[in-house]
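Here's a quick tour for anyone meeting this structure for the first time. Have a look at the picture, then read on.

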Amino acid sequence: MAEHGITPIVMPKWGLEMREGTVADWLVDEGARISVGQPILDVETDKISNAVEAPDPGLLRRRVAQAGETLPVKALLGVMAEPEVSDADLDAYIAAYEVPAAADGDDAAPLYIWTTVDGLKVRHARRGPDTGVPVLFIHGFGGDLGNWLFNLDAIAEVAPVIALDLPGHGQSDPRLPGTTLTDLASFVARFLDAIDVPRVHVVGHSMGGAIAAQLALAQPARVASLALVGSAGLGSEINSGYIDGFVTATSRRDLKPVVEQLFDNPALVTRQLVDELLKYKRLDGVPELLGALSRTLFTGGRQAAQPALALEGLGLPVAVVWGASDRIIPASHAANAPPGARVAVLPGAGHMVMMEKASDFNALLRGHLAES
Amino acid sequence: MARKISMKQAINEAIDQEMARDPSVIMMGEDIVGGAGGDGERDAWGGVLGVTKGLYAKHGDRLLDTPLSESAYVGAAVGAAACGMRPIAELMFVDFMGVCFDQIYNQAAKFRYMFGGKAETPVVIRAMCGAGFRAAAQHSQMLTPLFTHIPGLKVVCPSTPYDTKGLLIQSIRDNDPVIFLEHKNLYGFEGEVPEASYAIPFGEANVVREGKHATVVTYGLMVHRALDAAAALAKDGVELEVIDLRTLSPLDLDTVLESVEKTGHLVCVDEAHPRCNIACDISAQVVQQAFGALKGPIEMVSAPHTPVPFSPVLEDLYIPSAAQIVAAVRRSLAGGRQ
């Protein structure tokens with residue numbers, strides 16, 4: 001990236017659909033020394049707002065983009081350089097900077113693919129290299145593949161990635177193949193059959209983690225490794241107030257405070273995020289299927305099944321990641337990880353740890369995948 | 001799955017899906033099938049602008065072409081609704097409501113009340129509204145205030161294909177008479193719409209753009225004018241909050257009040273004539289309920305108190321513009337106290 005000692009800070013691409021973002025605020029001043037992972041500026045997209053973190057250390061010399069500006073992905077936001085780089089060189093670099101055009105394939109390839117499994121249309125996205133064991137991402141209760149918007153592209157740099165909308169979720173058909181973890185895990189296996197993928201690393205968030213663990217128990221040969229994120233299936237506690245609130249909320253006013261519980265920083269819950277969830281929840285059949293799912297999986301306010309407690313003995317590489325301030329499933333469940341698991345509890349993150357601490361999470365996941 | 005379709009297609013899809021789901025849904029109107037009595041294709045017209053094209057082939061005689069007698073078929077639809085059907089009556093242009101108004105405001109709107117809550121009238125009356133179509137004074141009016149005035153009627157006027165599908169499905173499922181007004185200049189407007197059925201509840205305004213300096217409250221085509229105004233003002237650092245009421249009855253005043261309490265400045269925009277219109281109504285209610293939050297005069301932007309001109313030049317001048325909204329926001333901000 002660095003050219004003549006100049007490191008550009010560019011508009012990130014968060015998720016498959018992001019084309020542009022708006023600079024909300026700079027968090028560091030010109031002349032400040034920046035460390036890796038430090039939030040540099042806040043960017044808003046039509047889906048979410050988040051901080052752009054420093055990929056490299058350096059001295060912030062120029063804030064090129066101003067607060068309020070809307071710019072395309074990869075547009076120059078700022079430049080870092082050591083003091084010996086002259087202002088004239090910086091000016092020349094900024095003047096000569098061109099936003100790289102989207103690669104031809106980017107727009108040609110469909111963002112999403114729909115595959116029919118057991119009569120149910122399933123939305124999924126595939127990215128990354130053609131070879132290697134793919135990484136399958138399974139979202140949680142009421143979620144969709146968009147929950148991985150800060151992760152898919154980062155992991156696709158090292159391995160093929162597949163993210164799906166579970167049946168009854170996102171833009172897959174609003175119906176369920178059944179309401180138990182076994183039903184859902186065997187559906188995921190048939191989905192993999194349908195897209196002709198024999199073996200995967202599985203990353204599961206929340207309910208998706210319990211599904212991933214169930215899949216590993218049922219078909220161990222199919223699962224190369226497991227990463228369980230704020231996962232269900234490692235204990236019995238769950239915030240039933242959240243589950244009930246999510247199922248029953250019918251308006252933006254009711255849903256927003258419920259969804260805020262997912263994050264350490266509730267300001268991340270934008271109007272657009274709540275609107276997207278409402279659009280999903282208003283589809284015919286969705287409130288009923290969420291109710292049915294929660295009654296089976298979270299009977300009486302407890303997790304009914306804990307498949308991830310039975311992983312010991314499978315000899316499977318397991319990573320367990322939690323947000324320290326998870327208000328949905330307590331981070332203390334990380335202690336129930338199988339022996340030998342790589343466990344990380346990240347401060348400053350809630351249940352959506354893969355969104356709130358995206359770069360830490362991506363680094364952890366890459367490390368886990370490299371060792372698996 | 002979601003894909004981009006036009007508002008016209010969204011209307012067609014909503015009716016199609018509700019007819020497939022519920023056999024009591026029927027539809028009547030002038031030329032909504034078309035071709036009856038001729039030798040050619042029955043499904044020839046699909047309504048004056050082709051909105052219902054293709055529905056006859058799927059649902060057959062549940063779509064009924066009627067004579068040019070609005071009072072007869074709107075009355076028939078109201079009666080069928082009182083007897084357990086869920087009729088949709090299409091009126092082409094809202095301007096024709098005059099000939100069937102007794103059936104609407106004095107019959108349909110009164111049944112639940114006058115029969116002690118025992119009667120339900122789940123009828124939807126759809127019609128095109130609004131100016132800009134070069135269709136002259138009798139086919140271009142924005143008559144939303146007339147219906148909003150009547151207790152017992154629900155009044156819907158959507159601005160996007162997504163809202164159109166969800167609000168029309170809600171209208172069909174609703175157990176009260178609903179006046180569903182479609183701005184004809186938005187028929188070609190495209191947006192993302194899920195294929196699956198969904199209903200948007202009435203009485204929930206949509207904050208289509210967030211801002212902290214001033215609030216614009218509007219509905220229908222004017223939502224897009226307000227968004228244009230917001231984009232223009234953003235260049236000068238003025239952040240406009242734009243609220244789309246979506247349904248005028250019931251009205252989501254809470255969302256408006258919350259916004260005004262944040263911004264302190266209100267501009268009400270309505271394509272209808274300025275006397276006793278939605279802008280007046282919102283202004284009056286905000287003054288009554290949130291006077292202390294106002295930091296400047298409320299401004300209103302409406303069409304003039306004249307019939308819609310047929311001259312294209314005059315018609316374009318008649319319709320409230322983004323520039324007028326920008327000017328109104330500036331007046332409110334300039335007249336403000338700190």
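Let's start with helix 11 (residues 358–371) of chain A, which lies across strand 11 (135–138), strand 13 (200–205), strand 14 (223–229), strand 15 and strand 16 of chain A. Helix 11 of chain A runs at about 180° to strand 16 of chain A. Keep in mind that this is a predicted model. From here we go through the sheet of chain A, then one in chain B, then the place where the chains touch.

**The sheet in chain A**

- The strands that helix 11 of chain A crosses include strand 15 and strand 16, and both belong to an open sheet of 8 strands in the order 9-10-12-11-13-14-15-16, with mixed pairing.
- Strand 9 (113–117) and strand 16 (342–346) of chain A are the edge strands, each pairing on one side only.
- Going from one strand to the next, the twist averages 20°.
- Strand 15 (residues 318–323) of chain A pairs with strand 16 of chain A in the parallel sense, over 5 bridges.
- To spot that pairing, look for W322(A), which stands opposite V345(A) in strand 16 of chain A.

**A sheet in chain B**

- Chain B has an open sheet of 5 strands, ordered 9-11-10-13-14, also with mixed pairing.
- Strand 9 (206–209) and strand 14 (299–302) of chain B stand at the edges with a single partner strand each, so one side of each has no neighbour in the sheet.
- The twist here averages 25° from one strand to the next.
- Strand 10 (residues 214–218) and strand 11 (residues 240–244) of chain B pair in the parallel sense over 5 bridges.
- One of the matched pairs is A214(B) with its bridge partner L240(B) in strand 11 of chain B.
- Helix 8 (residues 222–234) of chain B lies across strand 9, strand 10, strand 11 and strand 13 (266–270) of chain B, running at about 170° to strand 11 of chain B.

**Where the chains meet**

- On the contact surface, 15 residues of chain A touch 24 residues of chain B.
- About 1400 Å² is buried between chain A and chain B, and carbon and sulfur atoms give 41% of that.
- There are 6 salt bridges across the interface of chain A and chain B.
- E195(B) and K121(A) form a salt bridge, with their closest N and O atoms 3.4 Å apart.
- Chain A and chain B also share 9 residue pairs in polar contact.
- On the side of chain A that touches chain B, helix 7 (252–260) and helix 8 (271–281) of chain A are the elements giving two or more residues.
- Helix 8 of chain A gives the most, with 4 residues.
- That side of chain A divides into 4 nonpolar, 3 polar and 8 charged residues.

Technical notes:
Residues numbered from 1 in each chain as written. Chains lettered and ligands numbered in written order. Predicted model: local features only at pLDDT ≥ 70, side-chain atom pairs only at ≥ 80, totals over all residues. Heavy atoms only, no water. Contact = heavy atoms within 4.5 Å. Buried area = accessible area lost by both parts, 1.4 Å probe. Salt bridge = Lys/Arg side-chain N within 4 Å of Asp/Glu carboxyl O. Polar contact = N/O pair within 3.5 Å; in protein donor to acceptor, adjacent residues only side chain to side chain. Nonpolar A, V, L, I, M, F, W, Y, C, P; charged D, E, K, R; others polar. Pairing = 2+ DSSP bridges. Axes fitted to C-alpha atoms, helices over the stretch in contact; angles between N-to-C directions.
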